Amino acid sequence: MTSSGVRHDTSPSAVTSPGVPPATRREDLVTVLFGAVLTAGAMSDGWAHTNIIETIEGFFTPWHGLLYAGFVATAAWTFWLAYRRRGGAPRWWRDGWPAGYRVGAIAAVTFLLAGLADLAWHETLGVEVGLDAAFSPSHLLLDASAVLLVTSPLRSWWAGGEGGARSVTGVASLVLGAMAPSILLTYASAFLTLAPTRTIGLGAQQQAVLGVDAYLLTTLLLVGPFLLVHRRRATVGTGAALVAGVALYDLVMHEFPTTQTWAALGALGGAALADALLWRLDAVRGPAAPLRLPLAGALLGGLLVAGHLTGLALAAGVRWTPEVTGGVVVLAALLGALLGGLAARPAGPAPVPATPTPAVPAQAVPLGRR
């Protein structure tokens with residue numbers, strides 16, 4: 001049996017030096033806003049690569065300009081947060097980071113190096129298209145660095161353990177972190193697939209297989225981050241916010257195609273329903289209930305896929321067989337439950353009852369030796 005109660009983050013990324021105050025809610029909010037500019041730049045660049053690729057001739061484009069402006073602002077602000085704490089940590093570049101921001105600072109450096117590599121790549125080999133853009137080594141390093149950079153407020157929130165209004169910046173940072181990989185995963189995103197609207201024929205099952213794979217990958221992308229938050233603190237709206245952010249990222253690049261937009265709205269409704277059910281379950285069972293996280297993962301995974309398929313059915317009709325349609329919902333729920341089981345903390349060993357020590361009678365001492 002597992003335990004999944006609320007706890008504070010004690011990971012190395014959350015540890016800060018003595019005398020260094022944590023980031024305030026306002027400081028985290030500024031980080032989120034700068035991170036949103038970075039994410040908007042990546043989103044606009046993805047739109048450009050998808051829709052007007054023939055006009056892109058190199059690295060220096062307006063979309064790259066927005067992307068790197070957001071990066072410079074986020075990185076400079078991250079370093080400023082450490083520098084302004086130099087009174088409590090004279091070696092601020094090493095010890096002055098608020099809890100949760102040290103990893104973001106390292107990511108800022110790797111993002112800069114990846115950006116220089118991307119510049120050389122574009123100027124040497126040209127502009128990537130399709131899978132080439134998704135698997136470009138410089139793009140992969142940029143993306144990984146961006147995830148760590150924009151999620152500094154999330155780690156800051158975990159370290160502080162606060163709820164209420166502080167949760168807003170934490171969840172917003174989580175959503176930005178989930179949106180960042182979306183630009184490289186559009187080739188396998190459930191929010192863009194139309195596979196369920198096509199009949200599964202004897203010689204055309206490969207397309208259905210790719211559709212099922214897209215649902216499973218999208219479930220992994222959304223349920224994993226959700227469980228990282230839910231294991232620490234149940235926060236209403238987290239699942240819906242993740243679905244809305246990632247779906248928006250995908251749909252913008254393709255200028256909101258009608259069928260996929262309706263399907264995304266269905267997924268958003270399913271995630272909102274999962275949020276409501278999980279809030280109610282926590283109210284009834286408590287945050288330390290057994291199997292809490294596997295149940296949360298199963299509900300979010302299954303309901304968001306069921307909602308997406310419902311939206312597709314209303315917009316264009318679902319032509320998959322009942323077996324495949326129902327099976328992909330069950331698979332998503334099982335994957336979510338598995339992720340929940342992996343995210344749950346194992347219960348500690350049961351205490352061993354102390355064994356009473358029998359009293360040892362005092363030995364009789366001969367009278368002659370007294």
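**Reading the salt bridges of a predicted model**

By the distance rule for oppositely charged side chains, 5 salt bridges are counted in this predicted model.

Reader: What is the general idea behind a salt bridge?

Author: Side chains of opposite charge can pair when their charged atoms come close. In this structure, one such pair is Glu-27 with Arg-84, at 3.2 Å from N to O.

Reader: Where in the chain do Glu-27 and Arg-84 lie?

Author: Glu-27 belongs to helix H1 (residues 25–51), while Arg-84 sits in the loop between helix H2 (62–83) and helix H3 (92–95). The two residues are 57 residues apart, and their pairing links distant parts of the chain.

Reader: Is Glu-27 buried or exposed?

Author: Buried means under 20% relative accessible area. Glu-27 has 8%, and is therefore buried. Arg-84, at 41%, counts as partly exposed.

Reader: Which residues are joined with Glu-27 into one network?

Author: Through salt bridges that share partners, Glu-27 is joined with Arg-84 and Arg-85.

Reader: Which side chain does Asp-28 meet in a salt bridge?

Author: Asp-28 meets Arg-166, at 2.6 Å from N to O. Asp-28 is in helix H1 and Arg-166 in helix H8 (residues 166–179), so this salt bridge ties together parts 138 residues apart in sequence. Both residues of the pair, Asp-28 and Arg-166, are buried.

Reader: How many residues apart in sequence are the parts that Asp-282 and Arg-292 tie together?

Author: They are 10 residues apart, with Asp-282 in helix H11 (residues 258–285) and Arg-292 in helix H12 (residues 292–315). The N to O distance in this salt bridge is 2.9 Å, and both Asp-282 and Arg-292 are buried.

How values were computed: Residues are numbered from 1 along each chain as its sequence is written. This is a predicted model: local features need pLDDT of at least 70, side-chain atom pairs count only at pLDDT 80 or more; totals for chains, interfaces and linings use all residues. Side-chain values use heavy atoms; hydrogens and water are left out. A salt bridge is a side-chain nitrogen of Lys or Arg within 4 Å of a carboxyl oxygen of Asp or Glu. Helices (H or I, at least four residues) and strands (E, at least two) are DSSP runs, numbered from the N terminus. Buried means under 20% relative accessible area, exposed over 50%, partly exposed in between (1.4 Å probe, protein chains only).
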